[in-house]
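Student: I'd like to zoom in on one part of this model and get it straight in my head. Could you walk me through it slowly?

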Amino acid sequence: MIHMKHDKVMNIAKKRGFLWSSFEIYAGVAGFYDYGPLGALLKDLIIDKWKNYYIIREGFYEIESPTVMPEEVLKASGHVDNFTDPMTECKECLEVYRADHIIEEMINRDVEGLSNEELTQIISEEKVMCPRCGGHLTKVWNYNLMFQTLIGAKGKKTGYMRPETAQGIFIPFKRLLRFFRGKLPFGVVQVGKAYRNEISPRQGVIRLREFTQAEAEIFVNPEDKTHERFHEIKDTMLKLYSGEIQLAEGEPVEISAGDAHDKGIVSSQILIYQLYIAQKFLRELGIPDEVIRFRQHLPTEMAHYAIDCWDVEVYTEKYGWVEIIGIADRTDFDLKSHTEHSNEDLRVFIEHDVPKMVKKLTIKPNMSKFGPYFKEDAPKIIKALEDIDVEEVKKSIESDNAFNIQIEDKNFELLPEHLNFEEIEEIIRGEKIFPHVIEPSYGIDRIVYSVLLHTFTEDNEREYFKLPKEIAPVEVSVFPLLNKKELNQIALKIRGDLRDNGFIAQFDTSGTIGRRYARSDEIGVPFAITVDHESLDDKKVTIRNRDDLKQKRVLISDIPEILDDLMKSKIEFEDITQ
RNA sequence: GCGGCUGUAGUCUAGUCUGGUUAGGACUUGGGCCUUCCAAGCCUACGACCCGGGUUCAAAUCCCGGCAGCCGCACCA
């Protein structure tokens with residue numbers, strides 16, 4: 001199959017320094033890509049924009065945690081045990097299979113959740129053979145997608161490269177909760193590398209072994225998944241491809257955020273709000289609506305920890321619909337699991353709106369009798385009574401006139417005169433709960449690819465990335481109309497001024513003016529400034545708009561201000577006064 | 001990981017079957033000339049046989065192994 005656009009985009013990306021495969025002079029390694037000079041800038045600008053959305057607009061805070069994680073963490077998260085596939089290999093033809101799949105296929109038996117040993121046993125007992133050549137299969141082994149490493153000089157401690165940035169946020173939850181002064185909801189983000197040792201990654205930058213994630217973990221009260229700004233977005237249209245529609249083999253439907261909530265298509269306001277943010281973000285990166293859709297995970301494909309999960313997918317000619325963002329309700333799975341494994345209480349105290357009054361029967365030892373009777377054993381007994389079922393004691397006393405209690409192999413008989421029962425009213429101000437986690441997870445590399453693919457434009461024999469100016473790696477080009485010393489001097493001076501004003505500006509004298517414009521357009525530079533002979537007299541230059549080729553003549557001294565206004569969208573190009 | 005196909009400058013490609021001078025061309029890129037606004041022209045320079053081993057007097061060319069890419073299978077919390 002020919003993928004003209006993909007091939008063109010990747011060729012230009014390689015040629016002009018956006019992206020290329022890593023370790024090229026050593027033939028490369030599949031699943032690793034370098035960002036070149038322009039690619040690194042572009043990626044940073046996209047991440048900046050992402051942070052602008054999540055940190056500034058949503059009010060979340062960013063943290064940074066290590067990419068190497070000790071085994072315990074990933075044991076608790078389930079990655080050590082579950083981020084694996086059981087594999088088996090044919091001894092004859094060396095074909096590799098998913099062990100569970102082959103058993104289900106060959107003998108039609110559900111083996112989900114069985115251990116490798118059990119799978120191996122089934123294979124030998126049921127005589128499951130290689131479906132291709134009939135050969136014997138090896139015993140089942142786990143292929144874990146994580147990169148394993150050893151921590152420390154003696155290498156006794158097993159570590160893994162993190163398979164997602166999320167875990168780095170769950171681990172310091174107690175400190176984060178304290179930072180946010182104990183109140184839900186709050187959000188924490190992390191941008192960084194994650195690692196998955198894919199068996200055979202062959203989808204370019206779409207499937208990398210080392211990739212960049214931008215994730216937010218939003219901790220919410222499970223009883224309250226509303227969003228305070230939902231009313232502002234309820235009329236926004238979203239193209240939803242729900243599980244139900246997928247099963248019915250239907251088409252995605254355009255539906256308003258409000259309806260999506262009212263009809264229960266998306267499980268909560270806060271989840272829909274995240275879909276809305278994702279859509280807005282992608283639009284502003286120059287990805288058109290037609291190639292964006294939200295696809296709900298089917299119950300069968302949903303991760304074990306999630307109750308609802310939507311992928312934001314972008315259409316690509318080469319790979320079809322590609323997940324570039326995953327938005328999941330992870331519930332309390334992670335915090336609960338880390339609580340069990342670490343013995344740290346990762347719950348949050350939720351104060352009730354109105355304190356609850358609870359009537360409760362308590363035991364009050366009658367110390368004037370109790371003390372002298374039990375003497376040195378009295379404190380022990382009192383302590384034991386604190387943890388005991390009061391109703392049971394009361395019943396026993398009422399029916400048998402005694403209650404027997406065992407402490408350290410000794411029996412004590414409590415008599416009615418030793419105890420008073422009192423009904424007290426207790427005030428319950430709140431309860432401890434595990435927050436639920438809403439997680440938008442952005443695959444930055446896939447987004448960079450989508451942006452390049454979908455901003456790539458061919459018109460009038462021009463081929464260029466029509467990057468929104470906000471994410472253009474180079475903001476302005478400065479050229480002499482002709483490669484003459486006196487023009488170059490002025491152009492260099494202008495470039496210097498622009499750099500002093502914080503713009504990324506480039507200067508180019510090679511070839512003719514047309515070629516220079518073409519080179520500048522190709523990498524998506526939104527504006528070009530050209531110095532001509534008249535500039536020597538009138539101190540004016542032309543400024544050219546990439547997208548419509550229009551030009552305006554402006555004073556050299558006004559350039560930094562004009563460009564600043566243009567870049568910040570305070571004015572449009574046609575508003576420039578000559 | 002398995003099978004098939006492929007691997008020559010930044011890009012596209014000639015040469016490989018049939019081993020033999022200094023691996024040829026086009027585009028791109030750098031420098032220069034020319035040129036008063038959108039990849040023009042001229043001069044000039046830089047730049048390649050995927051890696052390793054074998055056969056041979058001699059390997060881009062034949063053989064073996066590796067790596068990478070593409071396609072199919074498998075895999076894809």
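Which strands does helix 18 (residues 485-500) lie across, and at about what angle does helix 18 run to strand 24?

Tutor: Sure, with one thing up front: this is a predicted model. Helix 18 lies across strand 24 (476-480), strand 25, strand 26 (527-531) and strand 27, and the angle to strand 24 is about 165 degrees. Another helix, helix 21 (residues 559-567), also packs on the sheet, where it touches strand 24, strand 26, strand 27 and strand 28. The direction of helix 21 makes about 160 degrees with that of strand 26.

Now the sheet itself. Five strands build it, and it's open, with the order 25-24-26-27-28 and mixed pairing. Strand 25 (505-507) and strand 28 (551-555) are the edge strands, and each of them pairs on one side only. On average, and ignoring direction, neighbouring strands here are turned by 25 degrees against each other.

Follow the order to its strand 28 end. Strand 27 and strand 28 are antiparallel partners, joined over 5 bridges. To pin that down on the model, find K540: the residue opposite is L555 in strand 28. As a general reminder, strands of a sheet pair through backbone hydrogen bonds, either parallel or antiparallel.

The loop between strand 27 and strand 28 is worth a click too, since that is where you'll find L549. Its phi is near 65 degrees, which is a positive value in a residue other than glycine. L549 counts as partly exposed because its relative accessibility is 40%. The backbone of L549 also brings us to the RNA: one of its polar atoms is 3.2 Å from a base nitrogen of RNA strand B. A second base nitrogen contact comes from D532, this time through a polar side-chain atom, again at 3.2 Å. For a phosphate contact, go to S510: an N or O atom in its side chain is 2.7 Å from a phosphate oxygen of RNA strand B.

Which elements feed the surface near the RNA? Strand 27 (540-545) is one that supplies at least two residues, along with helix 19 (513-522) and strand 6 (96-98). Helix 19 gives the most, with 6 residues. So much for the side of helix 19 story that involves RNA; what about burial? I513, R516, Y517, S520, D521 and E522 are the buried residues of this helix. In general, an α-helix has 3.6 residues a turn, so residues three or four places apart point the same way. Just after helix 19 you reach G524, whose phi is positive at about 85 degrees.

Pulling back to RNA strand B as a whole, 37 residues surround it, and the closest are F83, R98, R202, R207 and R515. Of the RNA atoms that come within 4 Å of the protein, sugar and phosphate account for 48%. By residue type, this surface divides into 13 nonpolar, 11 polar and 13 charged.

Past helix 21 there's one more backbone detail in this region. S569 lies in the segment after that helix, and it has a positive phi of about 55 degrees although it is not a glycine. S569 counts as partly exposed because its relative accessibility is 43%.

For context, look at another sheet in the model. Here 9 strands form an open sheet, also with mixed pairing, in the order 3-10-11-21-16-15-14-12-13. Strand 3 (61-62) and strand 13 (253-256) each have a single partner, so one side of each is left without a neighbour in the sheet. Inside it, strand 15 (residues 308-316) and strand 16 (residues 320-331) run antiparallel and are joined by 9 bridges; T316 stands opposite G320 there. Strand 12 (residues 237-241) is a nice one to inspect, as it has an antiparallel pairing with strand 13 over 4 bridges and a parallel one with strand 14 through 2 bridges. On the strand 13 side, K239 has E254 as its bridge partner, while on the strand 14 side Y241 is partnered by R295.

Notes. Residues are numbered from 1 along each chain as its sequence is written. Chains are lettered from A and ligands numbered from 1 in the order in which they are written. This is a predicted model: local features need pLDDT of at least 70, side-chain atom pairs count only at pLDDT 80 or more; totals for chains, interfaces and linings use all residues. Side-chain values use heavy atoms; hydrogens and water are left out. A residue is near a molecule or strand if one of its heavy atoms lies within 4 Å of it. A polar contact is a pair of N or O atoms within 3.5 Å; within protein, one must be able to donate a hydrogen and the other to accept it, and residues adjacent in sequence count only if both atoms are side-chain atoms. Ala, Val, Leu, Ile, Met, Phe, Trp, Tyr, Cys and Pro count as nonpolar, Asp, Glu, Lys and Arg as charged, and the others, Gly among them, as polar. Two strands pair if DSSP finds at least two bridges between them. Axes are lines fitted to C-alpha atoms, for helices over the stretch in contact, and angles run from 0 to 180 degrees between N-to-C directions. Contact means heavy atoms within 4.5 Å. Buried means under 20% relative accessible area, exposed over 50%, partly exposed in between (1.4 Å probe, protein chains only).
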